[in-house]
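Please write a short report on the structure shown here, for a student in the first year, and explain each term where it is used.

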Amino acid sequence: MSFEPAMPYAPGLSEIPVRGLSINDVHDSVRRVVSGPLPSAKPPDVHIAFENLQKHYSGRKGTVIALRDVSFNVERGEIFGIIGRSGAGKSTLLRAINMLESPSAGRVRVDDIDVGSLNEDALVALRRRIGMIFQHFNLLSAKTVRENVGLPLRVAGVKPKITHERVDALLELVGLRDKADAYPAKLSGGQKQRVGIARALVHDPEILLCDEATSALDPETTQSILDLLRDINRKLGLTIVLITHDMSVIREICHKVLVLDGGQVVERGEVWEVFGNPQADATRALLRPLLHDLPQDLADRLVADLRGHPGEAILKVRFPGNGLPGGVPFAALAALGQGANLLHGGLDRLRGHAQGNLLISVPAQDWNEVQARKTLPAAHVEVLGYVHADT
Ligand code: ADP
């Protein structure tokens, strides 16, 4: 079998559609739950399909099951995040796409071709269509930036002039034109990862795999690398599959997310849906740093019942992101009354969906009245407890 030449270098921007919903208040918005995908004119364009994938490792301590019956699709042009705790099976899953790991059972198909059925030549061709970047960059220290990026072309026997032009174009794309003759030791972590990205793009791939690509970088550099990946996804139309243990990376650039736990898929969907209403324990645990949970000082003062003493009810109001393109209406919160206080929390905006948690206190004597007014959607309000007025 043979592979088609890689896709054109710059096919134009592929903007992500934004949901457009109009609502007036929180209550209304939650009643009119909009959770499913909007009808799409085009059928899904499956780029990578995982079919009942299993992976067992046998060792001295017995058999480790790294992947258990994993099935899902990645569509062309999307940024797909795979998240899970350490040992969940993320690397094994990612490496099955380009057959760096061969599955014990099941299949991975790229453009409907079973990658496990390829002979060595076809596998080389496949790997040219699939670029990969790594946490520790994997650059050759004795070679310059230009040589590192151009190496895969040299190995493939591409003419020096073409290699030179291609490398220049890629260094321009990743913002490293002026570092072409520098050695890796002289580069910052972010610059090294840019070299890694340029090298991964050298064969004009249509898929880019990112293995914890920002895990060794500080937050500011992480942001700039994520911006670059987003830019590459839009400009080149690349399908990007990334694995990370960092939920903020997923929130920042992914369209879809899959959560692995113990080698199994425990949750997957659009990022705003999964983050707005996480179902699996593993997802909740991973999301905890982003969830604005009860701060310790309040937790220490919380009681289950005021027993007739004055105090306040502590409410957690969850905005799961079903709709709310206009944000959370202030009026709905203000209607809680003059005695209410906003204590803690935060809202994020993910693909046009405002979502997050707010902790609010309401004088306890007003609480029944607040409930009766149905100011907030009951399904999304939880009374965490009460605090005494004098604590
Ligand atoms: P993650 O990337 O989520 O940290 P991995 O895919 O690296 O998880 O590993 C999944 C499981 O498979 C872990 O229990 C790990 O110890 C085991 N594993 C991974 N690679 C090997 C290997 N080459 N030999 C034996 N066990 C392995």
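Strand S3 (residues 79-84) and strand S8 (residues 239-244) run parallel and are joined by five bridges, where helices (H or I, at least four residues) and strands (E, at least two) are DSSP runs numbered from the N terminus, and two strands pair if DSSP finds at least two bridges between them. The model is a predicted one, in which local features need pLDDT of at least 70 and side-chain atom pairs count only at pLDDT 80 or more, while totals for chains, interfaces and linings use all residues. Residues are numbered from 1 along each chain as its sequence is written.

Within the pairing of S3 and S8, Gly81 has Leu242 of S8 as its bridge partner. S8 also pairs with strand S7 (residues 207-211), again in the parallel sense and over five bridges, and here Leu208 is matched with Ile240 of S8. Between S7 and S8 the chain passes through helix H7 (residues 219-236), and this β-α-β crossover is right-handed, which is to say that, with the strands pointing away from the viewer, the path from the first strand over the helix to the second runs clockwise.

S8 is mostly covered, since six of its six residues are buried; a residue is buried if 20 or more other C-beta atoms lie within 10 Å of its own, exposed if 12 or fewer, and partly exposed in between, with C-beta atoms placed from the backbone. Thr239, Val241 and Ile243 lie on one side of the strand and Ile240, Leu242 and Thr244 on the other, and all are buried, so that both faces of S8 are covered.

Two residues of S8, Ile240 and Val241, are among those that touch the most other members of the largest nonpolar core, which has 71 residues. Such a core is a set of buried Ala, Val, Leu, Ile, Met, Phe, Trp, Tyr and Cys residues joined through C-beta atoms within 7 Å. H7 gives the most to this core, with five residues. In soluble globular proteins, nonpolar side chains tend to be buried together. A second, separate core of twelve residues includes Phe319, Leu324, Ala364 and Tyr386.

Phe319 also takes part in strand pairing, for it stands opposite Gly356 in strand S13. The two antiparallel pairings of S13 are set out below.

| Strand | Partner | Bridges |
|---|---|---|
| S11 (residues 311-319) | S13 (residues 353-363) | eight bridges |
| S12 (residues 341-350) | S13 (residues 353-363) | nine bridges |

In the second pairing, Leu347 has Gly356 of S13 as its bridge partner. S12 and S13 form a hairpin with two residues between them, and Arg351 in the turn has a positive phi of about 45°. Most residues other than glycine have a negative phi. Asp69, which is placed in strand S2, has a positive phi near 50°, and Asp69 is partly exposed, with 15 other C-beta atoms within 10 Å.

Around the ligand, the residues include Tyr57, Gly84, Lys90 and Thr92, where a residue is near a molecule if its C-beta atom, placed from the backbone, lies within 6 Å of it. Strand S1 (46-59), strand S2 (62-75) and helix H2 (90-97) are the elements that give two or more residues to this shell, and H2 gives the most, with three residues.
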